[in-house]
Amino acid sequence: MALRPDEFYDHAVAAADGERRLPLADMTGWDISPFDPAGLRVAPLRPPVLPEPARHGEDPSDCDACRDRDEGIWFNDHWRLARIPGVGVPLLLMLYPRDHYDMADLPDELAAELGLLSVRIVRHIQALPHVSRAHVYRVGDGGAHLHVWFFARPEGQTQLYGSWLVIWDDLLPEYPAEVAQADAEIVADALLASHGGHRSSVPEIPA
């Protein structure tokens, strides 16, 4: 049986120092880490918060993703794909169900389409010049409306490999918006050809 919240906290704190700081993760020593381990400290581990605070959009009437269900670069009856502006990687796209679902709530037919769409979006991102990989993330602690992230890793930037990419994205200068928008439109057109759907009638405004 899984540890209760208080048991998990006590178990973790037992490995921490007197300030409740855990040792640095092995990841900070990887050659793809954006940080020099010298001088880094882990934040003190805070006790559990129960009940957990509500995520944004737990009430569909107050959900930004529901409000924006007609915004994006590609749509079909069930899904929309949007470009996230102001990022450091070459392209960051986000896939949302147009109706209010989290991942565990998806009907089976939408779950099956999510898998197929994810593969096709990755395929189309990786077909872009100077993009090597498309990394796919679903987290879900911040918002109750399902949102799946697609990060494009730039070709040749081997220090940006793997799980640190989202941190590097936050550190890098903003990628040229007009280039990202043009690439997003290429992906949307390719998805239109491979999966159907339709494009937005209103062009997205670059950041």
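These are my notebook entries on a strand, two nonpolar cores, a set of salt bridges and a surface patch in a predicted model.

**Entry 1. Strand S3**

I began with strand S3, residues 92–97, and looked up the burial of its residues. I found 6 of the 6 buried, so S3 is largely enclosed by the rest of the structure. I then noted which way the side chains point. Leu92, Met94 and Tyr96 point one way from S3, while Leu93, Leu95 and Pro97 point the other way.

Next I looked up the partners of S3. Strand S2, residues 79–83, runs antiparallel to S3 and is joined to it by 5 bridges. Within this pairing I recorded Leu93 as the bridge partner of Arg83. Strand S5, residues 148–154, also pairs with S3 in the antiparallel sense, over 4 bridges. Here I recorded Trp149 as the bridge partner of Met94.

**Entry 2. Nonpolar cores**

Which residues have the most contacts inside the largest nonpolar core? I listed Trp79, Leu81, Leu91, Leu93, Leu95 and Ile125, in a core of 26 residues. The elements that give two or more residues to this core are S2, S3, S5, strand S4 (131–137) and helices H3 (108–126) and H5 (177–195). Helix H3 gives the most, with 6 residues. I noted the general background that nonpolar side chains tend to be buried together in soluble globular proteins.

I then took Leu95 and looked up its contacts, leaving out residues up to four places away in sequence. Leu95 touches Trp79, Arg80 and Leu81, and also Leu114, Leu117 and Ile121. Its further contacts are Leu146, His147, Val148 and Phe150. Apart from the largest core lies another, of 9 residues, including Ile32, Val89, Phe151 and Trp168.

**Entry 3. Salt bridges**

I searched the whole structure for salt bridges and recorded 12. I looked up three of the pairs.

The side chains of Arg55 and Asp102 meet with an N to O distance of 2.9 Å. Arg55 lies in the loop between helices H1 (5–13) and H2 (64–67), and Asp102 in the loop between S3 and H3, so this pair ties together parts that are 47 residues apart in sequence. Arg55 is partly exposed, at 23% relative accessible area, whereas Asp102 is buried, at 10%.

Asp102 also forms a salt bridge with Arg138, the closest N and O atoms being 3.0 Å apart. Because Arg138 lies in the loop between S4 and S5 and Asp102 in the loop between S3 and H3, the pair ties together parts that are 36 residues apart in sequence. Arg138 is partly exposed, with a relative accessible area of 37%. I noted that Arg55, Glu58, Asp102 and Arg138 are linked in a network of salt bridges.

The third pair is Arg98 with Asp70, at 2.4 Å from N to O. Arg98 lies in the loop between S3 and H3 and Asp70 in the loop between H2 and strand S1 (74–75), so the pair ties together parts 28 residues apart in sequence. Is each partner buried or exposed? Arg98 is buried, with a relative accessible area of 10%, whereas Asp70 counts as exposed at 52%.

**Entry 4. Surface patch**

Last, I looked up nonpolar residues at the surface. Leu24, Phe35, Leu40, Ile167 and Leu171 make a nonpolar patch of about 370 Å². I placed Ile167 in helix H4, residues 165–171. Ile167 is partly exposed, with a relative accessible area of 30%.

How values were computed
Residues numbered from 1 in each chain as written. Predicted model: local features only at pLDDT ≥ 70, side-chain atom pairs only at ≥ 80, totals over all residues. Heavy atoms only, no water. Patch = residues over 30% accessible without salt bridge, like charges linked within 9 Å, V, L, I, M, F, W, Y side chains within 5 Å. Areas by Shrake-Rupley, 256 points an atom, 1.4 Å probe, with all protein chains shown as cover. Salt bridge = Lys/Arg side-chain N within 4 Å of Asp/Glu carboxyl O. Buried < 20%, exposed > 50% of the residue type's maximum accessible area, 1.4 Å probe, protein only. Pairing = 2+ DSSP bridges. Core = buried A, V, L, I, M, F, W, Y, C linked by side-chain atoms within 4.5 Å. Contact = heavy atoms within 4.5 Å.
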